[in-house]
Amino acid sequence: MGVHSMTHEERLAKAIEFNKLVVAGKKANTIAAADLIRQDQLSIEDMKALVSLYPNYEVGKAYTIGDLFEYKDELYEVIQSHTSQSDWLPDSVPALYKSKTAVAVIPEWVQPTGAHDAYMTGDKVIFEGLTYESLIDNNTWSPTVYPQGWIER
């Protein structure tokens with residue numbers, strides 16, 4: 001059956017199905033890329049190349065939870081839906097965004113503001129000059145407040 005012999009409804013249904021597959025494929029690629037970055041299995045060069053594939057951060061844009069974008073060569077995830085503002089930049093508002101890239105540097109421990117930015121098992125941080133790894137998911141405590149949740153590395 002050729003395209004010309006199909007009814008309008010049949011062509012529309014095929015177009016909708018095709019677009020669903022395209023969107024699903026893009027979403028799957030986004031998820032796979034985000035997981036690779038999160039698992040820290042890429043070289044710095046590969047990571048930067050991958051991050052550059054994501055859309056750039058925009059001021060005045062409505063972002064939803066889970067959106068990923070590039071800002072200053074880093075990949076960020078939106079953790080709270082909002083419309084971006086020039087004074088709510090990704091690298092300065094941890095209540096709205098979470099960096100997904102660790103460019104071969106272990107970050108300083110930062111007090112999580114909730115479950116959305118809590119440390120997960122395997123996350124490494126520098127706290128009071130020492131490197132620690134979280135032993136639990138949803139870890140919102142520092143190594144001194146809840147030492148059972150961390151191991152010094």
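Tyr57 and Tyr63 are both buried in this predicted model, and their rings make a good place to begin reading the structure. The centres of the two rings lie 5.9 Å apart and the planes stand at 0° to each other, so the pair counts as stacked. Tyr57 also forms an aromatic pair with Tyr71, and this pair is edge-to-face, with 5.4 Å from centre to centre and 75° between the planes. Tyr57 sits in the loop between α2 (44-51) and β1 (62-63), while Tyr71 belongs to strand β2, so their pairing ties together parts that are 14 residues apart in sequence. Tyr71 is buried, as is Tyr57. These rings belong to a wider group, because ring pairs, counted when the centres lie within 6.5 Å, link Tyr57, Tyr63, Phe69, Tyr71, Tyr76 and Tyr97 into a cluster. Across the structure, the count of aromatic pairs comes to 12.

With that cluster in mind, the reader can turn to the overall layout. The protein has two helices and eight strands, and along the sequence they follow the pattern α-α-β-β-β-β-β-β-β-β. Of its 153 residues, 27% are buried. Among the contacts with a separation of 6 or more, 22% are between residues 24 or more positions apart.

One group of strands contains β2, which has already appeared as the home of Tyr71. Strand β2 (residues 68-71) pairs with strand β3 (residues 74-78) in the antiparallel sense, over four bridges, and within this pairing Glu70 has Leu75 of β3 as its bridge partner. The two strands form a hairpin with two residues between them, where Lys72 takes a positive phi near 55°. Strand β3 is in turn joined by three bridges to strand β5 (residues 97-99), and these two strands also run antiparallel. Here Val78 stands opposite Tyr97 in β5, and Tyr97 is one of the rings in the aromatic cluster described above.

A second group of strands lies further along the sequence. Strand β6 and strand β7 (residues 130-134) pair in the antiparallel sense over four bridges, with Phe127 standing opposite Leu130 in β7. These strands form a hairpin too, with two residues between them, and Glu128 in the turn has a positive phi of about 50°. Three bridges then join β7 to strand β8 (residues 150-152), again in an antiparallel arrangement, and in β8 the bridge partner of Tyr132 is Glu152.

The loops deserve the same careful reading as the strands. Asp117 lies in the loop between β5 and β6 (124-127). What is the nearest side chain of opposite charge to the buried Asp117? That side chain is Lys98, at a distance of 6.9 Å, and Asp117 has no salt bridge, because a salt bridge requires the nitrogen and the carboxyl oxygen to be within 4 Å. The side chain of Asp117 does, however, reach the backbone nitrogen of Thr113 at 3.0 Å and the backbone nitrogen of Gly114 at 3.2 Å. Leaving aside residues up to four places away in sequence, Asp117 touches Ile79, Pro94, Lys98 and Pro112.

Ser142 offers another example from a loop, this time the one between β7 and β8. Its relative accessible area is 7%, and Ser142 is therefore buried. The side chain of Ser142 reaches the backbone nitrogen of Val145 at 3.1 Å, and, again not counting residues up to four places away in sequence, Ser142 touches Trp109, Phe127 and Trp150.

Side chains of opposite charge can pair when their charged atoms come close. A search of the whole structure finds two salt bridges. In one of them, the side chains of Asp91 and Lys72 meet with 3.2 Å from N to O, linking the loop between β4 (82-83) and β5, where Asp91 lies, to the loop between β2 and β3, where Lys72 lies, across 19 residues. Asp91 is partly exposed at 43% relative accessibility, whereas Lys72 is exposed, with a relative accessible area of 59%.

The other salt bridge joins Arg153 and Glu133, whose closest N and O atoms are 2.8 Å apart. Arg153 lies in the segment after β8 and Glu133 in strand β7, so this pair ties together parts that are 20 residues apart in sequence. Arg153 is exposed, with a relative accessible area of 55%, while Glu133 is buried, with a relative accessible area of 16%.

Terms used: Residues are numbered from 1 along each chain as its sequence is written. This is a predicted model: local features need pLDDT of at least 70, side-chain atom pairs count only at pLDDT 80 or more; totals for chains, interfaces and linings use all residues. Side-chain values use heavy atoms; hydrogens and water are left out. Two strands pair if DSSP finds at least two bridges between them. Buried means under 20% relative accessible area, exposed over 50%, partly exposed in between (1.4 Å probe, protein chains only). Lys and Arg count as positive and Asp and Glu as negative; His and the chain ends are not counted. A polar contact is a pair of N or O atoms within 3.5 Å; within protein, one must be able to donate a hydrogen and the other to accept it, and residues adjacent in sequence count only if both atoms are side-chain atoms. Contact means heavy atoms within 4.5 Å. Rings of Phe, Tyr and Trp (its six-membered ring) pair if their centres lie within 6.5 Å; planes under 30 degrees apart count as stacked, over 60 as edge-to-face and the rest as tilted.
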